[in-house]
Amino acid sequence: SATFDDLDPVAIARFREMWKKKSGNSALENVSDVQLLTDVELMVGGAVTYGALILFGSEKALGRHLAQSEVVFEYRSSEASLQYQQRKEFRAGFFLFDDELWETINLRNEVQHYQEGLFVWDIQTFNEKVVREAILNAVSHRDYRLQGSVFIRQYTKKIEMVSPGGFPPGITPDNILCRQS
């Protein structure tokens with residue numbers, strides 16, 4: 001029962017800009033928001049899809065239609081720590097919070113040092129591209145039929161993503177590389 005009014009125009013505008021930049025297609029500027037979402041199959045037959053809610057939904061809309069669409073970030077100073085030192089909850093369309101989530105992770109992204117030959121090199125503990133891809137996978141591949149949030153737990157030298165769901169029927173850790181569902 002979600003409608004186009006349940007989507008946040010800021011999230012749609014951000015998506016449009018990113019798609020325009022990636023594709024180099026300046027004609028995307030002149031397409032209506034409804035047509036834009038129809039073109040990427042986030043609106044079908046004039047109806048908003050779950051994908052549209054997950055990517056562009058307002059906080060209120062997600063609360064009404066897809067309450068389990070939430071990402072919870074926790075920072076813990078050690079793996080033995082039961083209590084978190086920071087916690088942030090994100091319940092809005094993904095395009096409304098993905099940058100803020102990365103910035104939160106990056107605040108404690110320590111620099112590691114390694115030696116190669118005569119030189120000592122610096123490298124961040126968490127690579128932005130890799131972390132963003134893992135977050136996107138956790139959000140887009142979770143099972144939205146199940147209750148529960150996506151959890152991202154950051155430690156000083158480790159980050160975990162926990163997403164409700166599991167492998168499709170017939171897929172196991174042993175056969176995942178050679179079998180299709």
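1. A salt bridge here is a side-chain nitrogen of Lys or Arg within 4 Å of a carboxyl oxygen of Asp or Glu. Arg 16 and Asp 33 form such a pair, and their closest N and O atoms lie 2.4 Å apart. The two residues belong to distant parts of the chain: Arg 16 sits in helix α1, Asp 33 in helix α2, with their positions 17 residues apart in sequence. The model is predicted.

2. Is each partner of that pair buried or exposed, or something in between? Arg 16 has a relative accessible area of 8%, so Arg 16 is buried. Asp 33 is at 26% relative accessibility and therefore counts as partly exposed. The cut-off that matters is 20%: buried means under that value.

3. Overall layout. The chain has six helices and eight strands. Along the sequence, the order of elements is α-α-β-β-α-α-β-β-α-β-β-α-β-β. The C-alpha trace spans about 60 × 40 × 40 Å along its principal axes. The chain has 181 residues, and 34% of them count as buried. Take the contacts between residues at least 6 apart in sequence: 52% of these join residues at least 24 apart.

4. The core. The largest nonpolar core contains 36 residues, and Phe 56 and Leu 101 have the most contacts inside it. At least two core residues come from each of α1 (9-23), α2 (33-39), α3 (50-56), α4 (59-65), β3 (71-75), α5 (94-106), α6 (128-140) and β7 (150-154). Helix α5 gives the largest share of this core, six residues.

5. Leu 101 deserves a look. Which residues does Leu 101 touch, not counting those up to four places away in sequence? They are Val 71, Phe 73, Phe 90, Ile 135 and Ile 152. Leu 101 also takes part in the contact between α5 and α6.

6. Helices α5 and α6. Their axes come within 11 Å and cross at roughly 135°. That angle makes α5 oblique to α6. The crossing of α5 past α6 is right-handed. On the α5 side, the contact is made by Phe 94, Asp 98, Asp 99, Leu 101, Trp 102 and Ile 105. On the α6 side, the contributors are Glu 128, Val 131, Arg 132, Ile 135, Leu 136 and Val 139.

7. Helices α1 and α5. What is the packing angle of α1 and α5? It is about 75°, with the axes 8 Å apart. This makes α1 roughly perpendicular to α5. From α1, the contact uses Val 10, Ala 11, Arg 14, Phe 15 and Met 18. From α5, it uses Phe 95, Leu 96, Asp 98 and Asp 99.

8. More salt bridges. How many salt bridges does the structure hold? There are 17. Glu 74 pairs with Arg 87, the closest N and O atoms being 2.5 Å apart. Glu 74 lies in strand β3 and Arg 87 in strand β4 (residues 86-90), so this pair ties together parts that are 13 residues apart in sequence. Glu 74 is buried, at a relative accessible area of 3%. Arg 87 is partly exposed, at 32%. Arg 87 also forms a salt bridge with Glu 89, where the closest N and O atoms are 3.0 Å apart.

9. One network stands to be checked by eye. Salt bridges that share partners join Arg 14, Asp 98, Asp 99, Glu 128 and Arg 132. Several of these names recur in the helix contacts above. Arg 14 of α1, with Asp 98 and Asp 99 of α5, belongs to the contact of α1 and α5. Glu 128 and Arg 132 are on the α6 side of the contact of α5 and α6.

10. Ile 54. This residue is in helix α3. Ile 54 has 12% relative accessibility, so Ile 54 counts as buried. Leaving aside neighbours within four places in sequence, Ile 54 is in contact with Leu 66, Ser 69, Ala 92, Gly 93, Phe 94, Val 139 and Tyr 144. Two of the names in that list, Phe 94 and Val 139, also appear in the contact of α5 and α6. Ile 54 and Ala 2 are 52 residues apart in sequence, and their C-alpha atoms are 12 Å apart in space.

Notes
Residues numbered from 1 in each chain as written. Predicted model: local features only at pLDDT ≥ 70, side-chain atom pairs only at ≥ 80, totals over all residues. Heavy atoms only, no water. Core = buried A, V, L, I, M, F, W, Y, C linked by side-chain atoms within 4.5 Å. Buried < 20%, exposed > 50% of the residue type's maximum accessible area, 1.4 Å probe, protein only. Helix = DSSP H or I, 4+ residues; strand = E, 2+ residues; numbered from the N terminus. Contact = heavy atoms within 4.5 Å. Axes fitted to C-alpha atoms, helices over the stretch in contact; angles between N-to-C directions. Parallel < 35°, antiparallel > 145°, perpendicular 65-115°, else oblique. Left-handed = near helix turned anticlockwise from the far one by under 90°.
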